[in-house]
Amino acid sequence: MAYYLAPSLKSLRDELNAAHPNRDRTSDGWIGDPAHAARKSDHNPDYSASGVVRALDVDHDGIDKAKLRIRACADSRTEYVIQDWRIYTRSNGFRAARYTGVNGHTAHTHISLRHTKAAEAAGSWGYSSGAAASPTPPSSGGKSVTVVAGEVIAGKWGSGADRVNRLQAAGYDARAVQAEVNRRLSGGSAAPAPAPAPARKSVDQVAQEVIDGRWGNNPERSRRLQAAGYSASAVQAAVNRRLGGRSANRAVRLDVGTLAQQVINGQWGNGNERRRRITAAGYDYESVRAEVNRRVRR
Ligand SMILES: [Zn+2]
């Protein structure tokens, strides 16, 4: 069956091309490569809906990426947007959330449509028109950092992570604003201001997420943990501690045969939970399963 880019995303791409005829399209993309095909991705054609592709990647060079993000988040056809290590999701009111995937989307913005027929409909995204789809102009326009910093000090932008999210959603560089705020509050000294620290989870929290299957499997899991700033070995140690229960230190690695026998004995639970626990403990689930099948079949 043939596949095709959703007409709505075609409209968006046409609009960007018209606004920036010389923009760099190197990181553009829409149809899934083999890596995408191996997992669930809106870049893969939905053959249950006549082969529509519901995702578009747009290269950051030569466009106003803040404006693109703001327009996309304001559009009724959008499900989520990923840009610069942040994900903006409809179900989360398009508030900025830390993106924990491997690719931080710093070279391109990803836009996914809702899985509805209406979301596929062609039509303007308001990128090139001056129409105010958003109350705030994009980063380069709008207010200066000095003005926004004054507003922050006056309490108009809230506090903490919420403030950072709101500033970014409005297209401002939250770090630059924070630096200016710090500079003023410290009496105008030009000392470099610390950037607001992103919310960090404890190793134990992340270990629990690993056990819950939220960080995938190795070796990808280690890469993702490191990319997110965690020590993969510290997290793995915490995972092993948790899964090991009383026998705190699981320094001894089990061979596949022993592990398979334990599975057959029921020591690792069943179904998805078993898969989660085995992979969380750092073993390759597929080879364990193959060994279990081999033994059981005999
Ligand atoms: Zn993408």
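User: Happy to look at this one with you! What pLDDT does the chain average?

Analyst: This is a predicted model, so confidence is a good place to start. Of the residues, 88% score at least 70, and the chain average is a pLDDT of 83.

User: Which helix has the lowest confidence, and which strand the highest?

Analyst: Confidence is lowest in helix α12 (residues 285-297), with a mean of 79. At the other end, with 97, is strand β4 (residues 78-83).

User: How many contacts beyond near neighbours in sequence does the stretch 131-141 have in the model?

Analyst: Some care is needed here: the pLDDT is below 50 over residues 131-141. Beyond near neighbours in sequence, the model gives this stretch a contact count of 17.

User: Nice. Where in the chain is the partner of Tyr-3 in its aromatic pair, Trp-30?

Analyst: Tyr-3 and Trp-30 meet edge-to-face, 5.9 Å centre to centre with 65° between the planes. Tyr-3 sits in the segment before β1 (4-5), and 27 residues separate the two. Trp-30 lies in the loop between α1 and α2.

User: Is Trp-157 buried or exposed?

Analyst: Trp-157 pairs edge-to-face with Tyr-172, at 6.0 Å centre to centre and 85° between the planes. The relative accessibility of Trp-157 is 9%, and the cut-off for burial is under 20%. Trp-157 is therefore buried.

User: And which residues form a nonpolar patch on the surface?

Analyst: One member, Ile-31, is in the loop between α1 (7-19) and α2 (34-37), and is partly exposed at 32% relative accessible area. Together the patch has about 440 Å² of accessible area, and its members are Met-1, Tyr-3, Ile-31 and Tyr-47.

How values were computed: Residues are numbered from 1 along each chain as its sequence is written. This is a predicted model: local features need pLDDT of at least 70, side-chain atom pairs count only at pLDDT 80 or more; totals for chains, interfaces and linings use all residues. Side-chain values use heavy atoms; hydrogens and water are left out. Patches are made of residues with over 30% relative accessible area and no salt bridge: like charges are joined within 9 Å, nonpolar side chains (Val, Leu, Ile, Met, Phe, Trp, Tyr) within 5 Å. Accessible areas come from the Shrake-Rupley method with a 1.4 Å probe; for residues, only the protein chains shown count as cover. A salt bridge is a side-chain nitrogen of Lys or Arg within 4 Å of a carboxyl oxygen of Asp or Glu. Helices (H or I, at least four residues) and strands (E, at least two) are DSSP runs, numbered from the N terminus. Buried means under 20% relative accessible area, exposed over 50%, partly exposed in between (1.4 Å probe, protein chains only). pLDDT is the predictor's confidence in each residue, from 0 to 100. Contact means heavy atoms within 4.5 Å. Rings of Phe, Tyr and Trp (its six-membered ring) pair if their centres lie within 6.5 Å; planes under 30 degrees apart count as stacked, over 60 as edge-to-face and the rest as tilted.
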